[in-house]
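Colleague: Could we go through a few of the labels on this model together? I would like to hear the reasoning behind each one.

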Amino acid sequence: MQKVLKHKWVVLALWIIAAIGLYLTMPSLDVLVKEKGQPKIDGNYPSTIAAELKKEMSQSQETDNQFDAIIVYHHKNELNENHLAKIKENLESLKSKSELSIRSTLDPFINEQAKDKLMAKDKKTMMVILTMEQKSNETIKEIRERLSKEAKVDGVETYLTGNAFIIEDFSQTSIDGVKKTEFWAILFIIIVLIAVFRSPVTPLISLISVGISYIVSLGIVANLVEYLDFPFANTTQIFLVLVLFGIGTDYNILLFMRLKEELGHGKDIKTAILHTYRTAGKTVFFSGLAAGIGFGMLAFAEFQVYRSAVAVSIGVIILLLVLFTLVPFFMHTLHQILFWPSKKITTHQENRLYSFLGQFSIKRSFLSLFIVAIFSLPMIFLYKGTLSYDNLQEVHPDFESVKGFNKLADSFGAGNALMTSVYLKDKEPLDSNEALAFIDELSERLSQIEGINLVMGPTRPEGKEISELYLNQQTKELNKGLNQASEGLDKVTDGLNTMSSEVNKGSSNDMSNINKLLEGTKSSQAGLGEVKKALEEIEKALTLQAGGAADLSKGVKQLEKELQKLDNLKLLYNQYKQIQQPLNEIKDETESSLKQVQTLKQQYPDLKEDATMQKLEKDLMTSYGKAKALSDGVKEANKAFSKAMDGLKDADLGLSQLTKGAEQLSKGLKDTADGQAKTVDAVGEIHKGLGSIYDGQKQMSDGLTQLVSNLKELQKGLDSSAEGTDKVSKGITDVSKFLEEVEGDSATNTFFIPEQARNKESFKQMLDMYMSEDRKIAKLNLTMTVNPYSQEAMKVAEEVNQTIKETIQNTPFEDWTYGVGEVASANNDMDKIASNDFKRAVTFMLAGVGLMLLFLFRSFWMTLFVMLSLIVSYFVSLTISELIFIDLLEQPGLSWTVPFFSFITIVSLGVDYSIFLIMRYKEYHLHKPTVAILEAMKQIGSVILSAMIILAGTFAALYPSEVTTLMQIATIVIVGLILLVLIMLPIFIPAMVSLKERFSQKAQMIRPKSKKTPDVF
C-alpha cells in the first residue's frame, strides 16, 4: 500500500489511459447483444439438431439462412374486397422486389385451403407467412426495416411479427433496460451516499472509482466476446452495472467509514489509510474474493447463459484493483475534503437496531430460532418452482412484434401463429414410397399427441390425409373393379355354358332322319318319273282320242296306283319342315355366342390377347358360317318344294275330278286334256324340285356331318373356357373377400403413391415445400392448441421428441437424424439444460464460497451458519416473489433465468455482509463468542444496513427497465437482502453462536481434566 501511495499519480494515469483506451476500442455492445447475447443451446439437443438441419436445408436451396416472417393485416370491422385487393396487389409487389430477399410466400390467395388457415373466421385478421433469406452481412433489424416500409397497406393495420422479430425486440428491450438501469442506479447511489456521509465529495469519488472499474471491465469483456467468443448474454452488461455499482459502493462505504473512524481517533491520513486497509481492506478483499469466486465458479457451468456470469467475476477483480490502487490515491490526495462540508471527523455511533436484536437473540436463542423457523419454513414449503419461458413477457407491449402476435393469438390461437418444426434426415432420398409411408405414419402419431392441432408435411401438405394416396382407399377402388370383373366373368361363364348346351343339342341330333329324308326324296323323284310317263301317255291318248272309256278307266286306276307312291312325298315334306327349325336355332345360337365373345373382348381388353378366347372366336365364326349356309340352302329348297307341293295339289285335284267324271269323260274330254297337260307340267316341276331338294339335302347332310364334328370340338372348347372363367371368377371372388377384410384393417391405412402420381408436377411441388432439393431432408410443421411459449407447449415438444424416438426404434429408419425445432422445443431444451446445470453451477459455487469462508473464518460451524443463512434467505425470497408475481400479478411463472441469477446474486453479494460481520467479530477474539458477536454487530451494523440499502436500491433501479425478468430478479434480491440483513444476520447468527457457546461450556464441564478450552470459532 505504501508503494501505491508513493506512485499514486502513475497509478491514476494508468487507470485513465486504460479506461479511455478500452472505451474507444470497445466493440458495439448493441451488436454483441443481438448477435451473441441470445441463449444458445450447445450439444445434441433436439432444437440444436433441428437448427443445423434447417440451416443445411436452406443451404441446399442456395440460401445462407432462412427464417419465417409473418405479416398481420387487421381491420376493426372486416377486411372487405377492396382491402383484399390492395393486400394482394401489395404482396405481388413484395415478391417482385429482390432486395427484400423473400424466398417464398404462403398467403390466402393461393387456394381455398390456404384461405381457411390464414384468414380468421371473423374476417378481421389475415396473416401471410414469408420465408425470408438472411445473408451473412445482414441483420434482422435491417431486413425488418426494409420489409416494413414496403408491407404497409392503406386503410389496414399492418404488423410484422414472428420469432425472429420477437427476439430482436427482446434484445432491444434489454438494451433499453440497461440504459434505464444505469441512470436510476447512479442517481440512487448518489442520494444514499449523500445521506450516509452528508457530503457530495464522497459519492463523487465512489462513483468515479466504480465507474472506471465498470468501463475497464466492460471493455475487457466486450473484446473477449468479440475475439475469443467469451460467453455472453443479454444480461451480462446489466449484472456488471448492478454488481459493480452495488458492491463497489458498499466497499467504498466500508473503506470510507473505517477511514473516518481512524481519522476520528486522531491518526494522520497515511496511517489512517494503512490501518483502514489492514482492517476494512482485508474485509473488502475477502468479500470481493468471495464474490469473485462465486461468479467465477460458473465457468464450470455448461449453459452459455450461466457461464456468461463469469464476466462479473472479471468485473469484481478489476473493482478490487481499483479499490486497492485508485481509491487510496483519492484518500491520500483529498483526506479530510472527502467528508466536506463536515469539518469535524468523528467515529460513527453504535447501531441500536443490531444491538437490540443481538442481545435478544443471544439471551433467547431458542425463541429466536423458533421465530426464524416459523417465518421461513412455511415459505420454503410453499415454493412451487413454476417457471416461464415466455419471451413476450420480456418485450414491451408497444413493440410491433408483440402487437402482431397478440392479434394472431386472439384471432387464430397462439399455437397457429408460431409453428413447431420437425426435421428428418437420411443418407438416402426420402421420396421413396417406403420413406414417405413412414413419414406419414410418424405424422399420424404426432397428430394424436394432446396439444397438437395439425401436422403438415410432404404427405399431408394441408395437415389432412389425402385419401386417394392410402392403400385402404386404393384397395376399395380395386375391390370395386374386381367385383365388376367377377360379374362379367360370371356372365361369360353362363354364356359359354349356354353355348355348350346348345351346341351339344345340335351335335347330338340323330342323323338317321336325314338319311331317310334323302331316301324318301329319291323314291318320290322316281315315282314322279313314272307318274310323268303315265300322264304323258294319257295326254297322248287324249290328244289322239285313242282308246275308249275302258282304256281311260284303266289308265285312271293305274294313275291312282302310282299316285299312292306320292304319299312318301308328303312325309318328306313334313320331315323337311321339322329340320328347318333346329337349323335356324343352331344358326341363331352360334351368332349369339359369337356376339357375346366379341362384347367381352370390348369390356375386358386383356381378353383380346387370350389364346383361348381367340380360338373360341375363330371356331364360332366358322360354325356360324356353315350354319348360315345350311340354313340358306334349306330355305331355297323349301321354296322349290313348296311349288312342287302346289303342283301335286293340282294333280290330286285333277285326278279326283278324273275319277268322279269318268262316266262324263266323253263330255269333258277336252277339259280333261287341258287339265292333263297342266298335270304333266306340274309333275315335271315337282320332279325337278325334288331333284333340287335332293341335291340340297345331300349338301345339307354333308354340312351337318361336318358341323356336328366341329360342334363337338367347339363344345369341348366352350366347356374348357367356361371352367377356366369360373375358376378365375371364384379366384377374384376370394381376392375380393380378402380385400374387403383388409380394407377395414387399420394396417392398410398406409401412404402409397403410384408411379403415375409420383411423376405429376403437383406432387413434386408438394415435396419441394417440405423437402430439401436432394430430398434427403424432410420437414414437418406442427401447429399447437396451446401458446408456444407456455409450459404446456414445452411438454408437447418433449412428447413430440419422445414419439419420434419411439417410432423410429427397431425400424429400417432408426439411423435417421431428427430434430425438433422452434420456440417450444428450444425452451424445453433450455429447461433441461438450465435444470441440470443449475444444480451443477450451484454445487460448484457453494463449494467455492464455502471453502473460501472456511479458510477465512477457520471455523466449520461459523461457515455452516453463514451458508445456511444465505440459502434460507434465498428460498424465502423466492417464495415471496412467486406469491407476488404469480398469485397477485397473475403471471404464468418466474422467468426461467430468475432462480439462477437470483441465487448467485444473493450468495455472492450477501456473503459480503456475513464477512463484514464475522471479520469484525474476529477482531474481538479475546472475548467470549457471544460478547464478540454482539460487539461486532454494534460496530458494523450501520455499515451493513447502509450497504444493504445501497445494494437493494441499486437493484431497485431494474424496475424502470420494464423487463419482467429484471424486475423479478430485483424483487428476489431485494427481499433476500432484507431477510439476510434484518433477520438472519442479527437473529439467526447470534442465536447459533450463543447455542454453540452453551454446548461448548457443557462439554467443558463434562471434561474437567482438560487444561485448555478449545477455540470453537
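Colleague: Which helices each supply at least two residues of the nonpolar patch?

Modeller: Keep in mind that this is a predicted model. The helices are α28 (823-857) and α29 (860-888). The largest share, four residues, comes from α29, and L864 lies in that helix.

Colleague: What makes L851, L854, F860, W861, L864 and L868 a nonpolar surface patch?

Modeller: To join a patch, a residue needs over 30% relative accessible area and no salt bridge, and nonpolar side chains are joined within 5 Å. These six Leu, Phe and Trp residues make a patch of about 550 Å².

Colleague: Happy with that! Why are α10 and α11 called roughly antiparallel?

Modeller: The axes of α10 (residues 236-264) and α11 (residues 269-296) come within 8 Å and cross at roughly 155°. Angles over 145 degrees count as roughly antiparallel, so α10 and α11 earn that label. Their crossing is right-handed.

Colleague: How do the residues of the contact of α10 with α11 divide?

Modeller: There are 13 nonpolar, seven polar and two charged residues in that contact.

Colleague: And how do you know that α14 and α31 are roughly antiparallel?

Modeller: By the same kind of step. The axes of α14 (residues 352-363) and α31 (residues 929-956) cross at roughly 150° and come within 8 Å. With the cut-off at over 145 degrees, α14 and α31 are therefore roughly antiparallel to each other.

Colleague: Is the crossing of α14 and α31 left-handed or right-handed?

Modeller: Right-handed, as α14 passes α31.

How values were computed. Residues numbered from 1 in each chain as written. Predicted model: local features only at pLDDT ≥ 70, side-chain atom pairs only at ≥ 80, totals over all residues. Heavy atoms only, no water. Axes fitted to C-alpha atoms, helices over the stretch in contact; angles between N-to-C directions. Parallel < 35°, antiparallel > 145°, perpendicular 65-115°, else oblique. Left-handed = near helix turned anticlockwise from the far one by under 90°. Nonpolar A, V, L, I, M, F, W, Y, C, P; charged D, E, K, R; others polar. Patch = residues over 30% accessible without salt bridge, like charges linked within 9 Å, V, L, I, M, F, W, Y side chains within 5 Å. Areas by Shrake-Rupley, 256 points an atom, 1.4 Å probe, with all protein chains shown as cover. Salt bridge = Lys/Arg side-chain N within 4 Å of Asp/Glu carboxyl O.
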